[in-house]
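Ready for some practice at reading a protein model? Work through the exercises below with the structure open beside you, and try each task before you look at its solution.

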Amino acid sequence: MVAVRSTRLKFSGKVLVTGFAPFGGDSVNPSWLVAQALHKRQFARRVAVAAQLPTEFVASAQILRSLIDRHQPEVVLCLGQAGGRAELSLERVAININDARIPDNVGAQPIDTPVVAGGPAAYFTKLPIKSTVQGMTSEGIAAQVSQTAGTFVCNHVFYTLMHELAQRPALAHTTAGFIHVPWLPQQGSPSMPLADMVRGIRLAIHCALERSEDLHATGGALH
């Protein structure tokens, strides 16, 4: 049996949802299309604000910090594209390393550098990832807990997000994390329709707002 999580107190605030610009030769990035689809949507008296991050190591972190400053969000959900994955992947951990297999959109290709010099080795997500996966799969949306966000710009943004919140006492109760989305059908296979991605991320936001403790259920991996 799994434990049901408690309901959080609700209050007016903002939900910040980010997606990335296309990269690696693609003309589209589904993470941004999902974020756009949620812009100005209402979630239990909160309004969603969408913002696009450049697929660049330095600029993405700078822009994310400015967005956090501006909106002081109650929930932050950063989205990224993970071609080759078939499910919505709720990332468990951000690691303090950049190791770019390909250059970013301005040609930067850091190898074995920290995201934040002197920062912790890793941060765990503050999203209720197992509850969210359960909710998604019960609605017929393919989803999984992922043990790695990679070492490219997605992980860079994920680590930056969690580090910023850890340094800001005023945002100590902000719920935040990172979700990878698959390719769109026109990009390749495996893929997921945009409507299903949007539906899944909407559910993730609701879960982040309504729950304060995650399910005690398996979400591990053998390798």
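The protein has five helices and eleven strands; helices (H or I, at least four residues) and strands (E, at least two) are DSSP runs, numbered from the N terminus. Its radius of gyration is 16 Å, close to the 17 Å that the globule rule gives for 223 residues, so the protein is as compact as a globular protein of that length. Here the radius of gyration is taken over C-alpha atoms, and the globule rule is 2.2 Å times the number of residues to the power 0.38.

A word on the ground rules: this is a predicted model, where local features need pLDDT of at least 70 and side-chain atom pairs count only at pLDDT 80 or more, while totals for chains, interfaces and linings use all residues. Residues are numbered from 1 along each chain as its sequence is written, and side-chain values use heavy atoms, with hydrogens and water left out.

**Exercise 1. Find the order of the strands in the open sheet of seven strands, and say which ones are the edge strands.**

Step one: go across the sheet. The order reads β2-β3-β1-β4-β11-β5-β10, and the pairing is mixed. Two strands pair if DSSP finds at least two bridges between them.

Step two: look at the ends. The edge strands are β2 (42-43) and β10 (143-146), each of which pairs on one side only.

Step three: check the pairing at one end. Strand β5 (residues 88-91) and β10 run parallel, joined by four bridges, and Glu91 stands opposite Ser146 in β10.

Strands of a sheet pair through backbone hydrogen bonds, either parallel or antiparallel.

**Exercise 2. Describe the neighbours of strand β1 (residues 13-20), and decide: is it largely enclosed or not?**

Start with one partner. β1 runs parallel to strand β3 (residues 46-53), with eight bridges between them; Val15 faces Ala48 in β3 across the pair.

Now take another partner. Four bridges link β1 to strand β4 (residues 75-81), also a parallel pair, and Leu16 is opposite Val76 in β4.

Last, count the cover. Buried means under 20% relative accessible area, exposed over 50%, partly exposed in between (1.4 Å probe, protein chains only). Six of the eight residues of β1 are buried, so the strand is largely enclosed by the rest of the structure.

**Exercise 3. Compare the span of helix α2 (residues 57-71) with the expected one, then work out what covers its buried residues.**

First, the span. α2 has 15 residues and reaches 22 Å from its first C-alpha to its last, close to the 21 Å expected at 1.5 Å a residue. That expected span is 1.5 Å times one less than the number of residues.

Second, the burial. The buried residues of α2 include Phe57, Leu64, Leu67 and Ile68.

Third, the cover, using contact (heavy atoms within 4.5 Å). It includes β1, β3, β4, β7 (98-99) and α4 (153-166).

Finally, see what comes next: Gln72 follows α2 and has a positive phi, near 45°.

**Exercise 4. Place helices α4 and α5 on the strands.**

Begin with α4 itself. Its 14 residues reach 20 Å from first C-alpha to last, close to the 20 Å expected. This helix is mostly covered, with 13 of its 14 residues buried.

Then turn to α5 (residues 194-210), which lies across β1, β2, β3, β4, β5 and β11 and runs at about 155° to β4. For such angles, axes are lines fitted to C-alpha atoms, for helices over the stretch in contact, and angles run from 0 to 180 degrees between N-to-C directions.

**Exercise 5. Track down some unusual backbone spots: where are Lys40, Asp112 and Pro190?**

Keep the rule of thumb in mind: most residues other than glycine have a negative phi, and most peptide bonds are trans.

Lys40 sits in the loop between α1 (30-38) and β2. Its phi is positive, about 70°, although Lys40 is not a glycine, and at 61% relative accessibility it counts as exposed.

Asp112 belongs to strand β8. Its phi is positive too, about 55°, and Asp112 is exposed, with a relative accessible area of 54%.

Pro190 lies in the loop between β11 and α5. A cis peptide bond joins Ser189 and Pro190, with omega about 0°.
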